[in-house]
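Student: I'd like a close look at a single part of this model. Please take one strand and what surrounds it, then go on to a loop.

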Amino acid sequence: NVFGYIDTDSEVYSDIDGTPFGLDNNGFYKETSAGEPLGRRDKLRQFTEELQLLGTTFGERLKYVVGAFYAKEKVYNLTTSDLFDFPGLRLIQTSEYQKRNTTYAGYAQGTYDLGEMVADGLSFTAGVRYTDETIKLHLLPRDFHFDAPQPGYEYDLKRKFNSWSWTLGLQYQMTPDTLVYVANRRSYRHGGLNGLVNPYPTYTDEGGAVYRTESVTDAELGIKHQGRGPIPYHINL
């Protein structure tokens, strides 16, 4: 059983534009002359719980892991932008939101020894994971969008994401010091909700706050070799 808990609170004051001009910063001071907060403030609380079952079966030819994962996360963000710090142009813009993420996942992976069936040192690996994630975004009253509402704004946004990830691999232990392998994998990074942009329920490339899921598929062929001579060495190719 793997249990995790995170509780963080941070304050950052920085110059965003990176120039000697006051174009965009998160505040060089903690407050404006009017007492308004400057800077970026983040609070994060996250609870995770993962239960794993590991073992061997089929005469120890199959090594496996099966698991279930749960995570609950709460994020608070206050970002104050000091824009165009010139007389008559200065603008203090405040973004304030709360975000909640809830994730469920289940997975299984196994490596089967093909030594008795094909060749000594040959094994096959397969794994799969299903992930379901719900994200909720709630804009808070100090957010500047409340002062300038537009048609179509939604101050409470919710999106669900789910995906299947998998891995396949074939490994051949040619000698005790040399391993050759081939692998193919597919994985995702789920989309989400951006609390710093216009709260439209559309994708970011359409001017909204929803960003899309990213995915990657890869294929890998490799060899790992270690030498045990007078000067030990390790080579990955």
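Tutor: Start with the loop, then move to the strand. This is a predicted model. Glutamate 60 sits in the loop between β3 and β4. Its relative accessible area is 61%, so glutamate 60 is exposed, the cut-off being over 50%. Its phi is positive, about 65°, although glutamate 60 is not a glycine. Phenylalanine 58 lies in the loop between β3 (39–57) and β4 (62–83) as well. Phenylalanine 58 also has a positive phi, near 55°, and is not a glycine. Most residues other than glycine have a negative phi.

Now the strand, β6, which spans residues 122–139. Serine 123 is found in β6. Its relative accessibility is 14%, so serine 123 counts as buried, the cut-off being under 20%. Beyond its neighbours within four places in sequence, serine 123 contacts Thr111, Tyr112, Asp113 and Leu114. It also touches Gly169, Leu170 and Gln171.

Next, the largest nonpolar core. It has nine residues: Tyr97, Ile135, Leu137, Leu139, Leu157, Phe161, Leu193, Ala209 and Val210. β6 and β7 (156–175) each supply at least two of them. The largest share, three residues, comes from β6. In soluble globular proteins, nonpolar side chains tend to be buried together.

Take leucine 139, one of the core residues. Setting aside neighbours within four places in sequence, leucine 139 is in contact with Glu96, Tyr97, His145 and Phe146. Tyr155, Gly195 and Pro199 are also contacts of leucine 139.

Technical notes:
Residues are numbered from 1 along each chain as its sequence is written. This is a predicted model: local features need pLDDT of at least 70, side-chain atom pairs count only at pLDDT 80 or more; totals for chains, interfaces and linings use all residues. Side-chain values use heavy atoms; hydrogens and water are left out. Helices (H or I, at least four residues) and strands (E, at least two) are DSSP runs, numbered from the N terminus. Buried means under 20% relative accessible area, exposed over 50%, partly exposed in between (1.4 Å probe, protein chains only). Contact means heavy atoms within 4.5 Å. A nonpolar core is a set of buried Ala, Val, Leu, Ile, Met, Phe, Trp, Tyr and Cys residues joined through side-chain atoms within 4.5 Å.
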